[in-house]
Amino acid sequence: MYKKFLDLGDQPLANSFFFNCNFSKKKIYKLKVKINLKNFLVSIQNTIPKQKMFNAKYPYRSSTSFTMKESFRKLAIKILKNFNPKLILEIGSNDGMFIKNFNKNMVIGVEPCKNLAIETRKNGFKIFSNYWDLNLAKKITKLKKFDIIYSANTITHIKNLGSVFRAISYALEKNGILIIEDPSLMDCLKLNAYDQFYCEHIYIFSAISLSSILKEYNFEIFRIEKLKVHGGSNRYYIKRKSNKDFKIEKSYKDHIAAELKYGLKNYTIYQEFKKRVEISKNKLIKLLNGFKKKKLRVIGYGATAKSVTVLNYCKINKNLISYFLDTTPDKINKYLPGCDILVKRYKKLKKKNVDIVFLGAWNFKDEILRKEKSFISKGGKFITHIPYPRIL
Ligand code: TMP
């Protein structure tokens with residue numbers, strides 16, 4: 001049985017950046033969030049066909065952040081050291097930030113967004129530009145199956161989890177390891193990060209819900225690493241139940257215990273989250289209105305998909321945030337989806353131009369504050385809505 005617990009209003013496609021404000025203003029679905037009370041999987045209620053979201057115009061690049069580059073680099077070293085794989089598959093290889101850490105003949109990427117696949121192929125990597133499913137798994141494992149399958153911030157974007165895990169089960173060697181990382185539901189609730197929900201994030205996993213799903217495909221999690229990236233993520237190490245090379249580790253047991261203690265199996269936790277989200281919305285609007293009264297110049301930093309949820313849910317327009325800065329080429333000079341706020345090319349912040357900066361990319365707070373030290377030292381201020389709206 002499903003129970004809806006959050007309504008984030010009418011929303012556009014989170015990555016549909018247009019030059020024409022009239023196109024970008026279109027809202028196309030109602031963003032509601034529900035929980036499955038059987039396996040405690042949290043998901044959005046109305047989904048968008050994958051072809052509309054993940055196509056040759058997809059703007060997001062993992063390479064825009066140093067934090068992600070470093071995270072992938074460190075993981076690659078760990079994988080080579082701990083598992084000594086001969087062949088690795090990445091599902092959702094984006095612009096190749098993970099696979100570029102490996103020898104070209106030991107890694108294959110799957111990336112349905114053609115623009116990103118083409119970019120990565122240019123660097124000599126083998127990329128299949130298809131959606132991940134059993135047909136593709138059969139096609140790419142004709143010669144050999146994979147020792148490691150890795151997927152970051154992708155599995156939660158695919159509606160049919162049955163199809164995902166059946167294809168993984170087919171493509172993975174008998175004693176192969178599946179590593180997936182995605183935003184953590186517990187962190188999302190603790191941080192009041194309601195902007196983790198948008199059209200592409202169909203699911204926000206917890207260890208509890210993921211374990212329950214994996215069981216159906218004879219997989220089990222044996223290790224969990226908590227990561228700071230993307231606003232708090234979990235990296236799950238998964239094996240077949242029949243694989244006795246690895247034991248279920250303490251990190252898994254501790255994590256499940258922490259999720260149970262926090263109350264991820266109690267519906268009231270989600271009702272309380274909803275209340276906190278409403279308070280967050282009102283506080284953010286109040287904060288921004290206060291700046292407007294004082295005639296302070298407010299802009300946004302990081303035109304993230306997360307910001308799209310926030311701006312549309314809180315109905316924030318260019319009267320409150322004049323424009324956003326972003327480094328992503330495909331977002332620049334276009335409007336933030338659903339609003340009349342323009343994205344401008346990133347330039348180092350200067351106090352003479354700007355007073356207050358809304359941190360859209362709050363998940364890269366440390367990296368951004370480090371970069372903008374000089375603006376802050378001259379009295380420039382950042383604001384965030386995480387975990388509650390405030391001046392940093
Ligand atoms: P994400 O939160 O979905 O990963 O998106 C991050 C966005 O923030 C992406 O559009 C790039 C942008 N960004 C900047 O503009 N400057 C930065 O320093 C960082 C870290 C990200």
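Which side chain makes a polar contact with the side chain of T304? The legend to View 1 gives the partner, S307. The views below all show a predicted model.

**View 1. T304 in the loop between β12 and α11.** T304 sits in the loop that runs from β12 (298-301) to α11 (305-313). The side chains of T304 and S307 make a polar contact of 2.6 Å. With a relative accessibility of 13%, T304 counts as buried, because the cut-off for buried is under 20%. Leaving aside residues up to four places away in sequence, T304 touches K331, L336, G360 and A361. One of these, K331, appears again in the next view, where the side chain of K331 has an N or O atom 2.8 Å from an oxygen atom of the ligand.

**View 2. The ligand and the residues around it.** The ligand is surrounded by 18 residues, and the closest are Y60, D326, K331, N363 and K371. Three of these side chains are shown with their distances to the ligand. The side chain of Y60 has an N or O atom 2.8 Å from an oxygen atom of the ligand. For D326, an N or O atom of the side chain lies 2.8 Å from a ligand oxygen. For K331, the distance from a side-chain N or O atom to a ligand oxygen is 2.8 Å. Taken alone, the ligand exposes 490 Å², and the protein buries 98% of that area. By residue class, the shell consists of five nonpolar, eight polar and five charged residues. Helix α12 (residues 365-371) gives the most to this shell, with three residues.

**View 3. The two domains and the place of the ligand.** The domain assignment divides the protein chain into domain 1 (2-35 + 268-391) and domain 2 (41-264). Their C-alpha centres lie 27 Å apart. Where the two domains are in contact, domain 1 supplies 39 residues and domain 2 supplies 37 residues. Where does the ligand lie with respect to domain 1 and domain 2? The ligand lies between them, because both domains give residues to the shell around it.

**View 4. Helix α4 and its buried residues.** Helix α4 comprises residues 114-122. The buried residues of this helix are N115, L116, A117 and T120. These buried residues pack against β6 (126-128). In an α-helix there are 3.6 residues a turn, so residues three or four places apart point the same way. After α4 comes G124, which has a positive phi near 95°.

**View 5. T120 and E119, two residues of α4.** T120 is located in helix α4, and so is E119. Is T120 buried or exposed? The relative accessibility of T120 is 1%, so this residue counts as buried. The side chain of T120 reaches the backbone oxygen of N94 at a distance of 3.4 Å. Apart from residues up to four places away in sequence, T120 touches N94, D95, G96, I99, F125 and I127. E119, at 29% relative accessibility, counts as partly exposed, because this value falls between the cut-offs of 20% and 50%. On the same sequence limit, E119 touches R61 and D95. E119 and N94 are 25 residues apart in sequence, and their C-alpha atoms are 9.2 Å apart in space.

**View 6. Two exposed loop residues with positive phi.** N84 has a positive phi of about 45° although it is not a glycine. N84 lies in the loop between α3 (66-83) and β4 (88-91). With 62% relative accessibility, N84 counts as exposed, because the cut-off for exposed is over 50%. K315, also not a glycine, has a positive phi of about 50°. The loop that holds K315 lies between α11 and β13 (323-326). K315 counts as exposed, with a relative accessibility of 67%.

**View 7. A cis peptide bond before P387.** The peptide bond from I386 to P387 is cis, with an omega near -5°. P387 is placed in the loop between β16 (381-384) and β17 (390-391).

How values were computed
Residues are numbered from 1 along each chain as its sequence is written. This is a predicted model: local features need pLDDT of at least 70, side-chain atom pairs count only at pLDDT 80 or more; totals for chains, interfaces and linings use all residues. Side-chain values use heavy atoms; hydrogens and water are left out. A residue is near a molecule or strand if one of its heavy atoms lies within 4 Å of it. A polar contact is a pair of N or O atoms within 3.5 Å; within protein, one must be able to donate a hydrogen and the other to accept it, and residues adjacent in sequence count only if both atoms are side-chain atoms. Accessible areas come from the Shrake-Rupley method with a 1.4 Å probe; for residues, only the protein chains shown count as cover. Helices (H or I, at least four residues) and strands (E, at least two) are DSSP runs, numbered from the N terminus. Ala, Val, Leu, Ile, Met, Phe, Trp, Tyr, Cys and Pro count as nonpolar, Asp, Glu, Lys and Arg as charged, and the others, Gly among them, as polar. Domain bounds come from an automatic or database domain assignment. Buried means under 20% relative accessible area, exposed over 50%, partly exposed in between (1.4 Å probe, protein chains only). Contact means heavy atoms within 4.5 Å.
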